[in-house]
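Here is a friendly walk through one model, starting at its metal site and moving out to its packing. Please keep the structure open as you read.

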Amino acid sequence: MSERLKKMIRVDHAGEYGAARIYAGQLAILGRGPHGDTLRHMKAQEQHHLDTFSKLIATRRVRPTALLPLWHAAGFALGAVTAALGPRAAMACTVAVEETIDAHYAAQEAELGEDEAELKSTIAQFRAEELEHRDIGLANEAELTRGYKLLTTIIKAGCRVAIKVSEEI
Ligand SMILES: [Fe+2]
Ligand SMILES: [Fe+2]
């Protein structure tokens, strides 16, 4: 398997790991409120994404990123801090993260050839669910968050850095 493919699986595993932690952080703050079930729905889908890439990491013998402990803490913190700012800020976080992942998965879909048709279709399916999450965020007044533009710009920049370093490290 090519080094490039290993990097793709490594970063996707890291991203889904981080995503599950973001929703865990949001649930710790908002789990009992009116958004609890929505957050649990998204968390369950992230867990499925993560389980799928965990299997791929094992079966394809890809080294996971060494940064998992960092994403464990940073993902939860991002979710909890935005949730503490309020449900709209939590949803703004979701929009920022999921839009970044959408672009990331779209690039991978374009890059993968028919020799990796199964992985390609897995990514396409997950990307559709990330877009569902983004739409949930938008439907739950993400854009009405105070400082929406700044908040999402910062989170997106952080996600792109996380993607970059998780491919390599
Ligand atoms: Fe995901
Ligand atoms: Fe997602």
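In this predicted model, glutamate 46 and histidine 49 share helix H2, which covers residues 36-59. The two are three residues apart, about one turn of the helix. Glutamate 46 counts as buried because its relative accessibility is 0%, under the 20% cut-off. Histidine 49 is buried as well, with a relative accessible area of 0%.

Both residues belong to the metal site. The iron ion (ligand 1) has protein donors from Glu16, Glu46, His49 and Glu130, at 2.0 to 2.7 Å. The donor atoms are tabulated here:

| Donor residue | Donor atom(s) to the iron ion (ligand 1) |
|---|---|
| Glu16 | OE and OE |
| Glu46 | OE |
| His49 | ND1 |
| Glu130 | OE |

Along the chain, these donor residues follow the spacing E-x29-E-x2-H-x80-E. What separates the iron ion (ligand 1) from the iron ion (ligand 2), and which residue coordinates both? They are 3.7 Å apart, and glutamate 46 coordinates the two ions.

Now to the packing. The largest nonpolar core has 34 residues, and Ile9, Leu39, Phe53, Val97, Leu119 and Ile155 have the most contacts inside it. Two or more residues each come from helices H1 (3-30), H2, H4 (87-111), H5 (117-139) and H6 (148-168). H4 gives the largest share, 10 residues.

Phenylalanine 53 links this picture back to the metal site: beyond its neighbours within four places in sequence, its contacts include the iron donor Glu16. Among the others are Ile9, His13, Tyr105, Leu119 and Phe126. A second, separate core has eight residues, including Tyr17, Ala20, Trp71 and Ala162.

Key: Residues are numbered from 1 along each chain as its sequence is written. Chains are lettered from A and ligands numbered from 1 in the order in which they are written. This is a predicted model: local features need pLDDT of at least 70, side-chain atom pairs count only at pLDDT 80 or more; totals for chains, interfaces and linings use all residues. Side-chain values use heavy atoms; hydrogens and water are left out. Donors are N, O and S atoms within 2.8 Å of the metal (3.2 Å for Na, K and Ca); water is not among the atoms, so sites may look incomplete. Helices (H or I, at least four residues) and strands (E, at least two) are DSSP runs, numbered from the N terminus. Buried means under 20% relative accessible area, exposed over 50%, partly exposed in between (1.4 Å probe, protein chains only). A nonpolar core is a set of buried Ala, Val, Leu, Ile, Met, Phe, Trp, Tyr and Cys residues joined through side-chain atoms within 4.5 Å. Contact means heavy atoms within 4.5 Å.
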